[in-house]
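Trainee: Could we go through this protein together, starting with its sheet and ending with its domains?

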Amino acid sequence: MDVLVLGGGPAALCIASELNQRGVAVAGIAPDSIDNSWPNTYGIWTDELKALGLEQLLEHRWSDTVSYFGEGGSTAQDQSYSHGIDYGLFDRSALQRYWRERADGVVWHQDTAERVDATGPIASVRCASGTILNARLVIDASGSRTPHIRRPNQGPVAGQAAYGVVGRFSGLPIEPGRFVLMDYRCDHLSAAQRSEPPTFLYAMDLGDGVFFVEETSLALAPGVPYDVLKQRLQQRLGLRGVEITEVIHEEFCLFPMNLPLPDRNQPVLAFGGAASMVHPASGYMVGSLLRRGPDLAQAIAEALANQSLGSEALAQRGWQALWPIELVLRHQLYQFGLGRLMGFNEALLRTHFATFFSLPREEWFGFLTNTLPLPRLMGVMLHLFALSPWELRRGLVLGAAQGQAPRF
Ligand SMILES: Cc1cc2nc3c(=O)[nH]c(=O)nc-3n(C[C@H](O)[C@H](O)[C@H](O)COP(=O)(O)OP(=O)(O)OC[C@H]3O[C@@H](n4cnc5c(N)ncnc54)[C@H](O)[C@@H]3O)c2cc1C
């Protein structure tokens, strides 16, 4: 084998398929059948897919896309903010099928990678079954919890935590036909709860009387506990006189938002969550897989053509292609921004997002999708700063005042 890919999630399928398309001999190792459906639902701004010509992979699409950054109650600021662009949910099986078909030459082993040794010219992976598989390059796409990838310890890692329900309700939890990116209204919370870390509602109308409602914390270390999120969701619905009448699916979500970038000198390459590719400001990654997978696969295919390169040298080429300095610097800017936001109290966070979404659409969209070149990204951040009220500017520059950062 040229390449052995660890994992059976979106990142593994993406990179295996892109390599296969370039004539690379690829095998994969995943604990479950790679035709099993994935547990998570994946959302994306539809313009990201349009740019890739992949809009047919959507199952749901909303044009009425809004957020709320007011306090709630009956204030004028309670008005919804319209994002003015469409949002969609992937048809998970269509996305899986898309990559599976492009990975038609890939051999999949149903097993678990236990030990990876990539120090010699040929890398080897020992699996739980005892099988040992060899390849010139190992790509770890087994998610953010992988033990096979080294990364610096930069302190506690903040997680995006969410508790959600797909179900039916006694009334309308949100306006019919609508997608809500962030509802930060907090009139359902007690004064004590409002001094705790803020959470928001992410919600959508799935049709046929079914809605998905999810109480979400942007990022916190440690993550906001599920019982707190669940209680807040019930309070939020309760204030609007709505009860859950049928639970079709419960989602418990926790993934790292500011996982440090991996050590880029290691002899095993990574992709996806394992490579810290989750956007530190938005928590999204699938669009980035679709954009960055082909270039990475191309760089690997070109490096493999040089037969004298061993595992370590191949991994080096891969790391340089995946995380060039431009993307590393952009990532650092995003991580800095997230660090600031994590210290904001609820009022400051609401002000921040209201200001952020008052930027021109191409600016906030480019920021959230990580599609702006570095100078442009810095320009957008300066623009945001210029538009911010003084209190927010202070928070962005100095961080939240000592003792002000909310904690559970
Ligand atoms: C609930 C939830 C909702 C999310 N929503 C969105 C969203 O709407 N949009 C978005 O862009 N992103 C979203 N994300 C973020 C990110 O896109 C996902 O976490 C995505 O699933 C990460 O893909 P991955 O392939 O890197 O890892 P995973 O999806 O975690 O897949 C890891 C794979 O590796 C396998 N594996 C694990 N250990 C081993 C081993 N030792 N050997 C071999 N295989 C192994 C697992 O079985 C699995 O198949 C969400 C994340 C979560 C948790």
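Mentor: What follows is a short set of questions and answers on this model. It is a predicted model, in which local features need pLDDT of at least 70, side-chain atom pairs count only at pLDDT 80 or more, and totals for chains, interfaces and linings use all residues. Residues are numbered from 1 along each chain as its sequence is written.

Trainee: Which strands stand at the edges of the open sheet, each with a single partner strand?

Mentor: Strands are DSSP runs of E with at least two residues, numbered from the N terminus, and two of them pair if DSSP finds at least two bridges between them. Seven strands form the open sheet, with mixed pairing, in the order β6-β5-β14-β15-β16-β13-β17. Because each edge strand has a single partner, one side of it is left without a neighbour in the sheet, and these strands are β6 (81-82) and β17 (244-256).

Trainee: Which residue in β15 is the bridge partner of V180?

Mentor: Strand β14 (residues 178-183) and strand β15 (residues 200-207) run antiparallel and are joined by three bridges. In β15, the partner of V180 is A203.

Trainee: How many residues of domain 3 are in contact with domain 2?

Mentor: The domain assignment, automatic or from a database, places domain 2 at 158-256 and domain 3 at 328-398, and their centres, taken over C-alpha atoms, are separated by 24 Å. Contact requires C-beta atoms, placed from the backbone, to lie within 7 Å. On the domain 2 side, nine residues take part, and the number from domain 3 is seven.

Trainee: Which strand gives the largest share of the side of domain 2 that touches domain 3?

Mentor: The share amounts to three residues. They come from strand β16 (residues 210-220).

Definitions and conventions:
Helix = DSSP H or I, 4+ residues; strand = E, 2+ residues; numbered from the N terminus. Contact = placed C-beta atoms within 7 Å.
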